[in-house]
Amino acid sequence: MALLPIIWAMIIAFAIVMYVILDGYTLGVGMLLPLLSHDQRSIATTVLLPTWDGNQTWLVLGTASLYGAFPLAFSSILPIFYLPIFVLLMALLLRGVIFEFRLKSEKRGQRNWDIIFAIASLVVALCQGLVLGDFIQGFQQTNVTQISFGHFFITPFSLTCAIGLVVGYTLLGSTRLILKTTGELQNIMYRYARTAIILVMVGMAAVSIWTPFIDPHVFHRWFTGHHWMYLMSLPLLTAVAVCVLLYSLWKRFDATPYWASIGVFLCGYIGFIISIFPFIIPYKVTIWQAAAPANTLSFLLVGAAIMLPILLVYTGYSYHIFKGKVTSATEDY
Amino acid sequence: MVFNTEMLSRIQFAFTISFHIIFPSFSIGLATFLAIMEGAWLKTNKPIYYNICKFWMKVFAFTFGMGVVSGLVMAFQFGTNWAGFAHEAGPVLGALFTYEVLTAFFIEAGFLGVMIFGWKKVGPKLHYLATLLVVVGVTLSAFWILAANSWMQTPGGAVLEHGVFHVTSWFHVIFNRSLIPRYFHMLIAAYLASAVVIAGVSAFYLLKKKHLAFAKKCFSFALLTITILMPLQLFIGDQVGLEVHNNQPIKTAAMEGIWKTQSGAPFILFAIPDQQQEKNFWQISIPHGASLINTHQWNGKLTGLDSVPRSDQPMVAVVFYSFRIMVLMGLLMLATAMASLWLRRRAQLYDTQWFLKSCIWLTPVGFIAILTGWFTAEVGRQPWVVYHLMRTVHAVSNISVDRVWISLAMIILVYGIIFGVFYFRYIFKIIRIGPAKLDDEKPPFAYMSQFIQAKKEDNI
């Protein structure tokens with residue numbers, strides 16, 4: 001029975017990482033828009049269009065699963081982040097609708113929408129980064145359902161996380177465009193990707209070195225006991241991914257930079273999970289304490305076990321349909 | 001009214017969900033309409049159907065996108081504003097929402113891309129499959145949401161232990177007592193509201209003498225849909241009325257403005273209900289009407305609002321007027337349907353000025369009916385969030401009222417600008433530009449030319 005909460009924590013972690021990877025590049029492309037010419041912006045948004053709604057859905061899945069599987073965590077974490085969440089939601093809302101509005105506008109209107117799209121993308125990335133930082137810093141608990149910050153929302157650490165996430169998303173966005181475009185736009189993206197990866201390396205190093213000193217739990221996890229040797233393979237893997245990325249950018253490969261960027265992201269994400277596990281409200285409430293009754297978890301698992309593989313297959317399939325380079329803006333619509 | 005965290009959170013939820021519900025309802029109706037039209041196109045190979053698909057697909061894609069983002073806000077609000085509710089009912093409702101995402105939302109969102117941008121990327125059969133899957137997705141989506149909401153109205157299959165609902169039977173949670181009539185009531189409402197919009201836009205073109213072939217086809221189809229579905233909706237609405245009276249008699253009392261328990265209660269056409277004095281002013285009524293409607297008996301007994309303490313009564317005026325507006329909108333649609341039948345018989349459907357004009361004016365009535373119907377259902381549920389098991393006041397998060405003021409202001413501003421101004425601006429723009437000219441349309445599918453070739457050979 002104690003296995004069910006772990007399975008659900010894994011499913012939610014998976015939904016979040018799918019969201020981060022899939023919407024991450026759209027956020028990155030969004031933030032890069034102001035640096036492009038009008039025609040390049042049209043091509044860049046055409047790259048995002050067909051799979052846009054599907055990408056957003058992973059966030060909804062993560063939220064709904066957290067609600068169903070860990071109601072205690074859902075109901076205590078969300079009120080703490082009340083205003084940041086609404087800022088995040090409004091920015092996500094703007095992104096979603098501007099995407100539609102852009103297609104309906106004339107050239108001048110499109111420019112304005114692109115600027116708002118870029119700002120909204122930046123706000124989304126910053127909010128997510130700040131929340132991530134606060135999450136790692138942990139919470140205080142007064143009783144079962146009353147959780148609070150032990151600190152301000154914006155701290156030096158959460159700000160570092162936020163900036164790290166912004167450059168990270170930019171890396172994903174630029175390498176995605178390298179994969180999907182040709183010519184001048186692709187050339188520009190090689191340049192931005194090179195800058196982004198340097199900044200990502202600095203950001204990741206800062207957060208990784210800082211995190212173990214945030215809470216004894218994290219320090220203990222990484223540096224005591226016998227398993228620290230296994231855990232050290234993660235920084236090594238990260239270094240390999242970064243090297244592959246640098247090499248592929250230098251050699252101007254098409255697809256490798258994107259996959260290597262995802263590799264870098266995955267390493268960071270796994271590091272985050274290793275640091276906070278088994279807590280769902282760091283470092284107070286574990287996944288077992290927050291889990292819904294076993295009956296709910298097993299009912300949910302039936303649906304997830306059947307649907308998740310199907311979802312993955314057809315998400316992959318719809319990406320497959322729209323594979324290949326985009327050289328002109330969409331005419332459909 | 002006291003503007004505390006609870007009241008402001010209710011206003012915020014009502015505001016966001018009222019905007020939200022419009023988009024999925026329209027998506028359900030349009031997706032179904034598009035599936036029918038694309039089917040007709042594949043079957044007959046007449047370009048007019050493709051023309052219709054392409055035009056309404058634009059409106060559909062646009063509307064669907066609004067639904068996704070406004071729905072995201074809903075999902076988060078359960079945690080931010082209704083933490084008590086989320087904690088207590090999460091094991092029930094969170095599970096239903098997760099199923100909605102897993103079985104419905106992903107299908108819609110995933111195949112929407114193929115449906116809209118895949119015309120030249122996939123073959124006709126696969127494209128049609130994508131369209132059908134989107135219809136399945138939106139229809140299932142509505143099912144789960146109605147299951148969740150109906151469970152709040154008529155909870156079953158779960159027991160409250162240590163402040164958390166534990167499910168004893170998922171079957172009874174999902175297929176609770178009110179689900180079936182309410183689900184079909186909502187689905188048909190969505191079809192009707194969309195059909196009324198399609199009729200309104202087509203009437204606009206007919207009146208302006210533009211895109212005539214397109215407009216005639218859409219106008220005729222939409223009005224036929226209303227003519228068939230509106231009587232059906234009256235029947236299902238009646239079933240919902242019976243169900244509400246069985247399970248939530250106080251809601252029925254608020255809808256009918258019945259303060260004292262009585263047999264043969266009158267149907268009140270107009271009144272000003274006064275909750276303080278527990279009576280109606282300026283009442284005009286039809287004797288025995290309310291009893292007949294809600295119990296199907298001439299002298300049926302209706303429980304009065306004063307049978308429960310005032311703290312257990314909903315806001316009567318809101319429920320009372322919302323219900324009347326919804327019924328009135330239904331009757332307007334019924335009248336439109338009847339008029340269309342008469343004009344169709346006389347072959348004047350497409351050139352009767354007054355009828356075309358009224359169809360344009362009536363464009364929003366379906367959505368007004370949906371909104372007021374939901375106001376009736378949800379305000380009528382108060383003061384409970386889970387009927388008779390959990391009060392709304394215990395559902396709200398422990399957050400300061402200032403923060404809710406800020407979020408509400410932010411939401412009103414952003415929603416007001418993007419949905420209130422720009423959504424309509426661009427929808428009007430799509431309508432002003434209108435469908436493409438029939439001859440200009442390029443063959444859509446990658447191998448459409450062979451497909452048409454094959455059809456021709458079949459005919460020979």
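In this predicted model, His388(B) counts as exposed, at 53% relative accessibility. This histidine is found in the loop of chain B that runs between strand S7 (384-386) and strand S8 (390-391). Its backbone deserves a look as well, since phi of His388(B) is near 65 degrees, a positive value in a residue other than glycine. Most residues other than glycine have a negative phi, and most peptide bonds are trans. A second positive phi is found in chain A, where Arg252(A) has a value near 55 degrees and is likewise not a glycine. Arg252(A) also sits in a loop, here between helix H11 (233-250) and H12 of chain A. With a relative accessible area of 39%, Arg252(A) is partly exposed.

Chain A also offers cis peptide bonds. One of them runs from Phe277(A) to Pro278(A), with omega near 0 degrees. Pro278(A) has its place in the loop between helix H12 (256-276) and strand S3 (279-281). Another cis bond joins Pro282(A) and Tyr283(A), and here omega is about -15 degrees. Tyr283(A) belongs to the loop that lies between S3 and strand S4 (285-286) of chain A.

Turning to chain B as a whole, its secondary structure comes to 15 helices and eight strands. The radius of gyration of chain B is 24 Å, which agrees with the value near 23 Å that a compact globule of 460 residues would have. Taken along the principal axes, the C-alpha atoms of this chain fill a box of roughly 75 × 50 × 40 Å. Of the 460 residues in chain B, 62% are buried. Contacts that span long stretches of sequence are plentiful in chain B: among those between residues at least 6 apart in sequence, 78% join residues at least 24 apart. The chain exposes about 18,600 Å², and carbon and sulfur atoms supply 68% of that area.

Two buried residues of chain B help to fill in this picture. His127(B) lies in helix H4 (residues 124-153) and counts as buried, with 0% relative accessibility. From His127(B) to Glu38(B) the separation is 89 residues in sequence and 9.4 Å in space, C-alpha to C-alpha. Leu362(B), in contrast to a helical residue, lies in the loop between helix H11 (353-361) and helix H12 (365-381) of chain B. Why does Leu362(B) count as buried? Its relative accessible area is 18%, and buried means under 20%. Leaving aside residues up to four places away in sequence, Leu362(B) touches Val196(B), Leu332(B) and Thr336(B). Asn294(B), by comparison, is 68 residues from Leu362(B) in sequence and 28 Å from it in space, C-alpha to C-alpha.

Helices of chain A come next. Helix H3 (residues 52-69) has 18 residues and reaches 26 Å from its first C-alpha to its last, close to the 26 Å expected at 1.5 Å a residue. Because 18 of the 18 residues of H3(A) are buried, this helix is largely enclosed by the rest of the structure. Helix H14 (residues 294-321) of chain A has 28 residues; its reach from first to last C-alpha is 40 Å, close to the 40 Å expected. H14(A) nevertheless carries a kink of about 30 degrees at Met307(A), shortly before the proline Pro309(A).

Aromatic rings bring the two chains together. Over all chains, the structure holds 65 aromatic pairs. In one of them, the rings of Phe299(A) and Trp170(B) have their centres 3.8 Å apart and their planes at 10 degrees, so the pair is stacked. Phe299(A) lies in helix H14 of chain A and Trp170(B) in helix H5 (residues 170-174) of chain B, so this pair joins two chains. Both partners are covered: Phe299(A) counts as buried at 16% relative accessibility, and Trp170(B) is buried with a relative accessible area of 12%. Another stacked pair is formed by Phe422(B) and Tyr426(B), with 6.2 Å centre to centre and 25 degrees between the planes. These two residues are separated by about one helical turn, because they are four residues apart in helix H14 (residues 401-433) of chain B. Phe422(B) is buried, and so is Tyr426(B).

How values were computed. Residues numbered from 1 in each chain as written. Chains lettered and ligands numbered in written order. Predicted model: local features only at pLDDT ≥ 70, side-chain atom pairs only at ≥ 80, totals over all residues. Heavy atoms only, no water. Expected span 1.5 Å × (residues − 1). Bend = angle between axes of the 7 residues up to and from the residue. Buried < 20%, exposed > 50% of the residue type's maximum accessible area, 1.4 Å probe, protein only. Rg over C-alpha atoms; globule rule 2.2 N^0.38 Å. Contact = heavy atoms within 4.5 Å. Areas by Shrake-Rupley, 256 points an atom, 1.4 Å probe, with all protein chains shown as cover. Phe/Tyr/Trp six-rings, centres within 6.5 Å; stacked < 30°, edge-to-face > 60°.
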